[in-house]
Amino acid sequence: MANPGYGKRSAPGQRARSASDFAHLLPRDGAVAAYIDGLCDGADISVKTLAKVLPYGQCALRTTLNRLQEAGHLRRGSECVATEEALLWVTRTFFSRTSRGDEWWDAFIRGDAPPQPAQRPTRSRSFILLAALGRHTPTLTLSQADCAALEPQVSEWFARGATEPEVLHALTDGLPSPIHHPAALLRRRLLDKLPPVREASSTPRVVLRTLECRECRAPGSAQAMPGGLCGNCRGNPEPAPTGPADAVPDHGVRARMSAVRAGLVPRAERGRG
């Protein structure tokens, strides 16, 4: 998982998964896209982390992520979220299993993305966690009936504020050997180790969202950055701003203000000499 404020964020309104989701991409790009699509929100999808688990180098992965932007599956940007204390800008990497055009991404950053279409019912977060236990701990392999029976107990942990790592630790730490009845053991642990209800913290609310150029990281709209690339990086620099000859360009305002502040005389020294 990435640090808070980073990592994958799934775009809304996607179709249900199918075997042909990424068939239009090059084989390597399709394989990487399928891997990212299977990760949960908040997962670290930086090139360094992906290179540790996928059979590709960082340069190849960086190229692939750029091509996924061109194909409309990925955008990098920022969100301004409102908490009880302040407004914070956090970095986001948005991923869409369904390829999106620049108009859709523009609507998304405005908060006007179309609603999610009806999809077939999917397994719950609790069922998926239980079904995957056997991959990492073979002695805890469960049947479909066992997963369905234990699903409400795991859901109660999540309702009380527990995270997936906490649930996994409670279920897999210090296991006895041998295990004759994994479902019975997990049922007992879920009951005995059930945590208290945690005070729910207010969920940050997104109040503003922007995208970034994949090369220079300059902010802008999706229309101004087709394929995730701004005009300057495409070789089409923006026209010179109009205005007075001595006007400060937008990108130089911060530097000019810093110079002005540095030249101000401290209040304590005013009137001396």
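Which helix is leucine 186 found in? Leucine 186 is found in helix H9, and I'll come back to that residue in a moment.

A word on the model before we go on. It is a predicted one: local features need pLDDT of at least 70, side-chain atom pairs count only at pLDDT 80 or more, and totals for chains, interfaces and linings use all residues. Residues are numbered from 1 along each chain as its sequence is written, and side-chain values use heavy atoms, with hydrogens and water left out.

Okay, the overview. The protein has ten helices and five strands; helices (H or I, at least four residues) and strands (E, at least two) are DSSP runs, numbered from the N terminus. Of the 273 residues, 36% are buried. Buried here is under 20% relative accessible area, exposed is over 50%, and partly exposed is in between, with a 1.4 Å probe and protein chains only. Then contacts, meaning heavy atoms within 4.5 Å: taking those with a separation of 6 or more, 62% are between residues 24 or more positions apart.

Back to leucine 186. Its relative accessibility is 0%, so leucine 186 counts as buried. Skip the neighbours within four places in sequence, and leucine 186 is in contact with Leu133, Leu140, Leu142, Leu150 and Leu171. Its C-alpha is 9.1 Å from that of alanine 170, which is 16 residues away along the chain.

That takes us to the helix pairs. Two packed helices are described by the angle between their axes and the distance between the axes. The axes are lines fitted to C-alpha atoms, for helices over the stretch in contact, and angles run from 0 to 180 degrees between N-to-C directions.

Take H8, residues 164-172, and H9, residues 182-192: their axes come within 9 Å and cross at roughly 125°. H8 and H9 are therefore oblique to each other. On the cut-offs, under 35 degrees is roughly parallel, over 145 roughly antiparallel, 65 to 115 roughly perpendicular, and the rest oblique. H8 passes H9 in a right-handed crossing; that is, the near helix is turned clockwise from the far one by less than a right angle, while anticlockwise would be left-handed. Ala170, Leu171 and Thr172 on the H8 side meet Leu186, Arg189 and Leu190 on the H9 side. By class, the contact of H8 with H9 has four nonpolar, one polar and one charged residues. Ala, Val, Leu, Ile, Met, Phe, Trp, Tyr, Cys and Pro count as nonpolar, Asp, Glu, Lys and Arg as charged, and the others, Gly among them, as polar.

What sits in the loop between H8 and H9? Proline 178 is there, and the peptide bond leading to proline 178 from serine 177 is cis, with omega near 0°.

Now H7, residues 144-159, against H8: the axes come within 10 Å and cross at roughly 130°. That makes H7 oblique to H8, and the crossing of H7 and H8 is right-handed. H7 brings Val154, Trp157 and Phe158, and H8 brings Glu164, Glu166, Val167 and Ala170. The class count for H7 with H8 is five nonpolar, no polar and two charged residues.

Last, cysteines. How many disulfides does a search of the whole structure find? Zero, with a disulfide being a pair of cysteine sulfur atoms within 2.5 Å. Cysteine 230 is in no disulfide, and the nearest cysteine sulfur, that of cysteine 233, is 3.6 Å away. Cysteine 230 is at 10% relative accessibility, so it counts as buried.
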